[in-house]
Amino acid sequence: MTALLAIAATAAAGWLTIQAATGGWRRILIRSEWATIMRSCGLAQRRDRETTHKPGAGEKTSPTKQIEHLPRLWALWGRPLGPLTARTGATYRIWAAKGQTIDEIAKKAEVIASSLHCQRVIVDRYSPRRGRITILWKDPFTIPKPWAQPIHGSTSPCFEVTGRPLVLPLNDNNGGSWLVAGAPGGGKSAWITALVADWVRQPGDTRWLYGIDIKRVELGPWAPAFQAVARDRNDATEILKRARAFIDQRYTDLEQAGLHGVPLIPTPEWPYLVLVIEELSALLSGEGEQVATLKQLLAEIDELGRAAGVLVIAASQKPTSDIVPSRFANAIPRRVLLRVPTIEHAKSILGWTPTQAEIDQLTTHGLALLDVPGRRLHLARSTYEPVQSAVALAAQYAIHPTSTGARAA
Ligand SMILES: Nc1ncnc2c1ncn2[C@@H]1O[C@H](COP(=O)(O)OP(=O)(O)OP(=O)(O)O)[C@@H](O)[C@H]1O
Ligand SMILES: [Mg+2]
């Protein structure tokens, strides 16, 4: 008996030591302080409940007593994030209290973070009452991460709260086009660059890259690895016409081959054509026949492109329908919402209205809400490398080894 007690005591002491050394004590604290924290954040719900006491003679109603309901954490200790010796936080399944919604808890994320002396609290909604809460005592988004290793047929332009890269197929049944949008300086070009870095490193005979860069400076470093980079509207129209003709040819080829669409992973037999557009608003703002043609071509390319293996990666400061036609924006499945000044901007980018709490989280350059069909809304930060890395990669994968700059279409 004594021996058993000694073993139990040693195991408990060992467990506590490990928890103390690896930051697990924070999870113990979160669990033990949970009720107090919820009350101090105003998330306790008080409700009347009838007592079992039967009304006596002369009493009309049963007396009631006040019951307190609190949001509940499901897992006992939560799931730790980060490696054993450098834990960054923990995630828990959370249930809102009766009569409360997960969105109400999400609105208080900042207050919960401050009560727990944490850097960031993220609340994901699974259903009105069910969700996930991530409590971070070290914010994984503050440290930039370099581009991930390339994977054939996949792209991983960003990393999640766990610090791990998010791997997505280059194309899927919903399409592989991207719209990256947000306020100036929010990190659009960093996202585009991370996506381009993945495409550039795909086998050379499986992809053709075309760029449109009216600002002239963003895609410049990539030009050697691109088939062509247009720097004015005339060249841009030429490239879009080429892509449109390519789609028609592709459908003829697919018909002859008896296929409904190209394989979801690019192959030498069915290479993909990728159009990278930096600053849609610069390309499409204004009036005139040329702008109308550009808008028409872009909309057609995006609607017909997926099955033909033509994808678009576009950045825009303001994708409102007066500048970017909603027909084009609606056909783009993958949306990246960076920092925006108002919720209306966020709505025009995502196509639906996020909550204020969701957009308030976008505090760092490159940190975005990622809306990919078939997946939950993610908070993710783009990977980032300086322009020299782009120059080096473009030289390594150059298709114009002798050219120093962009080629016109
Ligand atoms: N993921 C990231 N990691 C680290 N730093 C980043 C990241 N994304 C952006 N930045 C920083 O933010 C700066 C602005 O980013 P970027 O040029 O991508 O913004 P932008 O939205 O394209 O701006 P503009 O509207 O002027 O084109 C970059 O120079 C870089 O220093
Ligand atoms: Mg930019």
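User: How many residues surround ligand 1?
Analyst: This is a predicted model. In the model, the closest residues to ligand 1 are Gly187, Ser189, Ala190, Gly366 and Tyr384. By class, the shell holds four nonpolar, eight polar and two charged residues. The number of residues that surround ligand 1 is 14.

User: Which element gives the most to the shell around ligand 1?
Analyst: Both α5 (188-200) and β17 (378-382) supply at least two residues of this shell. With three residues, the element that gives the most is α5.

User: What is the partner of strand β17 in antiparallel pairing over four bridges?
Analyst: Within this pairing, Ala380 in β17 stands opposite Ala368. The two strands form a hairpin with six residues between them, and Gly374 in the turn has a positive phi of about 85 degrees. The strand that pairs with β17 in this way is β16.

User: Which residue in β16 is the bridge partner of Arg335?
Analyst: Strand β15 (residues 334-337) and β16 run antiparallel and are joined by three bridges. For Arg335, the bridge partner in β16 is Asp371.

User: Which residues of β16 point the other way from Leu367, Leu369 and Asp371?
Analyst: In a regular strand, side chains alternate between the two faces of the sheet. In β16, Leu367, Leu369 and Asp371 point one way. Burial does not separate the two groups, as five of the five residues of the strand are buried. The residues that point the other way are Ala368 and Leu370.

User: Why does Leu369 count as buried?
Analyst: Leu369 has its place in strand β16. A residue is buried if 20 or more other C-beta atoms lie within 10 Å of its own. Leu369 therefore counts as buried, since its number of C-beta neighbours inside 10 Å is 22.

User: How many residues apart in sequence are Leu369 and Ala346?
Analyst: Leaving aside neighbours within four places in sequence, Leu369 is in contact with Leu337, Pro354, Glu358, Leu362, Leu377 and Leu379. From C-alpha to C-alpha, Leu369 and Ala346 are 9.9 Å apart in space. Their separation in sequence is 23 residues.

User: On which residue is the kink in α2 centred?
Analyst: Helix α2 (residues 24-40) has 17 residues and reaches 23 Å from its first C-alpha to its last, close to the 24 Å expected. The helix nevertheless has a kink of about 60 degrees. The residue at the centre of this kink is Glu33.

User: Which strands do the buried residues of α2 pack against?
Analyst: The buried residues in α2 are Arg26, Arg27, Ile30 and Met38. The strands against which they pack are β4 (79-81), β5 (89-95) and β7 (130-136).

User: Which residue takes a positive phi of about 70 degrees just after α6?
Analyst: Helix α6 (residues 233-257) has 25 residues and reaches 36 Å from its first C-alpha to its last, close to the 36 Å expected. Just after α2, a positive phi of about 75 degrees is taken by Gly42. Just after α6, the residue with a positive phi of about 70 degrees is Gly258.

User: Which residues of α6 are buried?
Analyst: An α-helix has 3.6 residues a turn, so residues three or four places apart point the same way. What covers the buried residues of α6 includes the strands β11 (207-213), β12 (228-230), β13 (272-278) and β14 (310-316), together with the helices α7 (280-284) and α8 (289-308). The buried residues are Asp235, Ala236, Ile239, Leu240, Ala243, Ile247 and Arg250.

Notes: Residues numbered from 1 in each chain as written. Chains lettered and ligands numbered in written order. Predicted model: local features only at pLDDT ≥ 70, side-chain atom pairs only at ≥ 80, totals over all residues. Near = placed C-beta within 6 Å. Nonpolar A, V, L, I, M, F, W, Y, C, P; charged D, E, K, R; others polar. Buried ≥ 20, exposed ≤ 12 C-beta atoms within 10 Å, placed from the backbone. Pairing = 2+ DSSP bridges. Expected span 1.5 Å × (residues − 1). Bend = angle between axes of the 7 residues up to and from the residue. Contact = placed C-beta atoms within 7 Å.
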